[in-house]
Amino acid sequence: SFMSRHAKSITSSSSLNKRFLSSRHLIVNAVGSDRVGIVSDLTKYVTDRGGNVGESQAARLGSHFSLMMLVQVPEAKVDDLVTTLKTSLKDLSTTVI
């Protein structure tokens, strides 16, 4: 019925809102030698932890690459993301604010 479909929609929306209320915005800055897949790698680390990439800005400077992203990540995944970014991207200098 219409009412039961509407109630399910409200429940789904409520759980989605709770997820983002318990999330944190971070700024990720990565600098290093340019290579194929940097943006893809960083984005995958964020989305694999249930996060989203908002705004981003990238620049290629000679053979170097710089990427700054505003990301939103569930609070429970922040430490995991920070650790992963610092340890998995050995070819980049990564800062998370």
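The chain of this predicted model averages a pLDDT of 86, and 78% of its residues score at least 70. Among the elements of the chain, helix 1, which covers residues 2-21, has the lowest mean pLDDT, at 51. Strand 3 has the highest, at 98. Over residues 2-7 the pLDDT is below 50, and that stretch has zero contacts in the model beyond near neighbours in sequence.

Let me turn to the interior. The largest nonpolar core holds 16 residues, and the members that touch the most others are Leu42 and Val71. Which elements give two or more residues to this core? They are strand 1, helix 2, strand 3 and helix 3. Strand 3 gives the most, with five residues.

I shall stay with Leu42 for a moment. Leaving aside neighbours within four places in sequence, Leu42 is in contact with Val28, Ala30, Leu67, Met69, Leu85 and Leu89. Leu42 is also one of the buried residues of helix 2, together with Ile38 and Val46. These three cover an arc of only 60° around the axis, so they sit on the same side of helix 2. Against what do the buried residues of helix 2 pack? Their partners are strand 1, strand 2, strand 3, helix 3 and strand 4. After helix 2 comes Gly50, which has a positive phi, near 80°.

Helix 3 may be described in a similar manner. This helix runs over residues 78-88, and its buried residues are Val78, Leu81, Thr84 and Leu85. Seen down the axis of helix 3, they fall within an arc of 135°, and therefore they line one face of the helix. They pack against strand 1 (23-33), helix 2 (38-48), strand 3 (64-74) and strand 4 (92-96). Please note that Leu85 appears here as a buried residue of helix 3, and that Leu85 was also among the contacts of Leu42.

I now come to the charged side chains. How many salt bridges are there? The count comes to six, and I shall take several of them in turn.

The pair of Glu75 and Arg24 forms a salt bridge, with a distance of 2.5 Å from N to O. This pair links distant parts of the chain: Glu75 lies in the loop between strand 3 and helix 3, Arg24 lies in strand 1, and the two are 51 residues apart. Are these two residues buried, exposed or partly exposed? Glu75 has a relative accessible area of 38%, so this residue is partly exposed. Arg24 has a relative accessibility of 35% and likewise counts as partly exposed.

Beside Arg24 in the sequence is Ser23, which also has its place in strand 1. Because its relative accessibility is 15%, under the 20% limit, Ser23 counts as buried. Its side chain is joined to that of Gln72 by a polar contact of 2.8 Å. Not counting residues up to four places away in sequence, Ser23 touches Gln72, Val73, Pro74 and Glu75. Glu75 is thus a contact of Ser23 as well as the salt-bridge partner of Arg24.

A further salt bridge joins Arg49 and Asp80, whose closest N and O atoms are 2.8 Å apart. Here, too, distant parts of the chain are linked: Arg49 is in the loop between helix 2 and strand 2 (52-61), Asp80 is in helix 3, and 31 residues separate them. Is Arg49 buried or exposed? At 14% relative accessibility, Arg49 counts as buried. Asp80, with a relative accessible area of 36%, is partly exposed.

Lys44 and Asp48 also form a salt bridge, and their closest N and O atoms are 2.9 Å apart. Both residues lie in helix 2, four residues apart, which is about one turn of the helix. Lys44 is partly exposed, with a relative accessible area of 48%. Asp48 is partly exposed as well, and its relative accessible area is 48%.

Finally, which residues are linked in a network of salt bridges? They are Arg35, Asp41 and Asp91.

To close, I would recall two points. Helix 2 has its buried residues Ile38, Leu42 and Val46 on the same side. Two of the salt bridges described link distant parts of the chain, namely Glu75 with Arg24 and Arg49 with Asp80.

Conventions. Residues are numbered from 1 along each chain as its sequence is written. Side-chain values use heavy atoms; hydrogens and water are left out. Buried means under 20% relative accessible area, exposed over 50%, partly exposed in between (1.4 Å probe, protein chains only). The arc is that of the directions from the helix axis to the C-beta atoms. Contact means heavy atoms within 4.5 Å. A polar contact is a pair of N or O atoms within 3.5 Å; within protein, one must be able to donate a hydrogen and the other to accept it, and residues adjacent in sequence count only if both atoms are side-chain atoms. A salt bridge is a side-chain nitrogen of Lys or Arg within 4 Å of a carboxyl oxygen of Asp or Glu. A nonpolar core is a set of buried Ala, Val, Leu, Ile, Met, Phe, Trp, Tyr and Cys residues joined through side-chain atoms within 4.5 Å. pLDDT is the predictor's confidence in each residue, from 0 to 100.
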